[in-house]
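Biologist: I would like to learn how to read a contact between two domains. Can you take me through one?

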Number of protein chains: 2
Amino acid sequence: MTAKTVGVIGGMGPAATVEFLSRLVRATPAARDEDHLHVLVDCDPAIPSRTAAILEGGPSPAPRLCMIARGLERAGAQLLAMPCNTAHAYLDAIRAAVDIPVLDMVSEAAARAVVGPVGLLATEAAVRSGLYEKAFHERGIRILSPGAEDQEEVTRLIAAVKAGDRLEALRPRLQLVVSRLAREGARAVVIGCTEVSLLHDAGSSLPGIDALDCLVEATVREARREER
Amino acid sequence: MTAKTVGVIGGMGPAATVEFLSRLVRATPAARDEDHLHVLVDCDPAIPSRTAAILEGGPSPAPRLCMIARGLERAGAQLLAMPCNTAHAYLDAIRAAVDIPVLDMVSEAAARAVVGPVGLLATEAAVRSGLYEKAFHERGIRILSPGAEDQEEVTRLIAAVKAGDRLEALRPRLQLVVSRLAREGARAVVIGCTEVSLLHDAGSSLPGIDALDCLVEATVREARREER
């Protein structure tokens, strides 16, 4: 079977890109190097902040994201994946910029939810953009966002992961936010930020729908899908 | 400071490439996404086996490695790193194929050795190619290769890492090989295979010079070096 070459729009943040690649390697059925997917990665630290663009009217990351997508297509990618939830606010622009499919980690995550309401762990920009609310509402599932103080705590935790802080020290703080979402009625949490994917663990009081895992599975599925 | 864009010749194996990227992210002084290096990665599973080429006269990986190197240069890389020790047997060909510097993880490792003899943990192909012996002898340090049976065990361990076996189960087997190298007089071991980099740990009876770490440090150093 010839699998598609996967292009990865990366760098948001770099640790999340590495985590995506690590899970992709583990998720690919392979006994030898040759069984793995061909993956081209552009880990670009110069992509303008998605949060600054959405919350503060900063420069849009769309032109740079489209440039990276076109570069990956030119280099041979046949399918694109972008392991950053917030950047999915610009998915339509990226899809318009290339002739190859671009996976949507938000829809992939929404397709996993079977019961609601679902608590949302994401950047404030992703929450405000309504990305997750829209995708989940289309499936009849209500999204519960954390209260203002808890959202600030999630924002601080994401910044701490990006700064390279020890994950072990941060996990209990995330769990407090999850516990409060559970008390408000959440039946699960959607891990809608790749930095939070590094933090949410088995000790959580609610089951997690990890959008990063959903993207990994979609990548393997679509890359290995037989052409018709 | 404007850092150089780093191109990574990857996929040998994919897990080792991910480990390199993971260590690179951790080794880069950064508080925000924007402080990280711009990294382009080609994780190509179709590179012909280095071992088959060196030991069995199989097809040379050199043309494909050169093609990847040129593709990364074309995509904007200003410095290349190749996290696979055995593939360094083709370093001269790759250097001839591009106009940008290509780091040498073998020389970087040799530069760290202060006392010998040093045991070598590498593929049989890397051992037979004399890559490490040459680089260490130039610095007056003797290399001790494992005996035939131990080398076969190292080969099996490398294949098991590539196949995704649990690392915890493999580590004690590597430690037995290291202990025998110590009994033969080795004062340190050079971890000259990226799969072995995933296995060698703090419990080892000899200090390790990990060529993968040496490559990571060289990458950060050279990417961030001010132009003169």
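**Where the two domains meet**

Modeller: The size of an interface is often given as the accessible area lost when the parts come together. This is a predicted model. Here, about 1,800 Å² is buried between domain 1 of chain A and domain 2 of chain A. Carbon and sulfur atoms give 52% of that area.

Biologist: Which residues make up domain 1 and domain 2 of chain A?

Modeller: The assignment gives 6-104 + 214-224 to domain 1 of chain A. Domain 2 of chain A takes 107-211. Their C-alpha centres lie 21 Å apart.

Biologist: How many residues of each domain are in contact?

Modeller: On the domain 1 side of chain A, 22 residues take part. They touch 23 residues of domain 2 of chain A.

Biologist: Now the polar side. How many salt bridges are there between domain 1 and domain 2 of chain A?

Modeller: Three salt bridges are counted between the two domains. As for a salt bridge in atomic detail, look at A:Glu108 and A:Arg221: their side chains meet at 3.0 Å, N to O. Between the domains, 13 residue pairs are in polar contact, both residues at pLDDT 80 or more.

Biologist: Which elements give two or more residues to the domain 1 side of chain A?

Modeller: They are α1 (14-27), α2 (50-56) and α11 (211-224) of chain A. The largest share, five residues, comes from α11(A).

Biologist: And by class, what does the domain 1 side of chain A that touches domain 2 have?

Modeller: That side has eleven nonpolar residues, five polar ones and six charged ones.

Note on methods
Residues are numbered from 1 along each chain as its sequence is written. Chains are lettered from A and ligands numbered from 1 in the order in which they are written. This is a predicted model: local features need pLDDT of at least 70, side-chain atom pairs count only at pLDDT 80 or more; totals for chains, interfaces and linings use all residues. Side-chain values use heavy atoms; hydrogens and water are left out. Domain bounds come from an automatic or database domain assignment. Contact means heavy atoms within 4.5 Å. Buried area is the accessible area (1.4 Å probe) that two parts lose on being put together, summed over both. A salt bridge is a side-chain nitrogen of Lys or Arg within 4 Å of a carboxyl oxygen of Asp or Glu. A polar contact is a pair of N or O atoms within 3.5 Å; within protein, one must be able to donate a hydrogen and the other to accept it, and residues adjacent in sequence count only if both atoms are side-chain atoms. Helices (H or I, at least four residues) and strands (E, at least two) are DSSP runs, numbered from the N terminus. Ala, Val, Leu, Ile, Met, Phe, Trp, Tyr, Cys and Pro count as nonpolar, Asp, Glu, Lys and Arg as charged, and the others, Gly among them, as polar.
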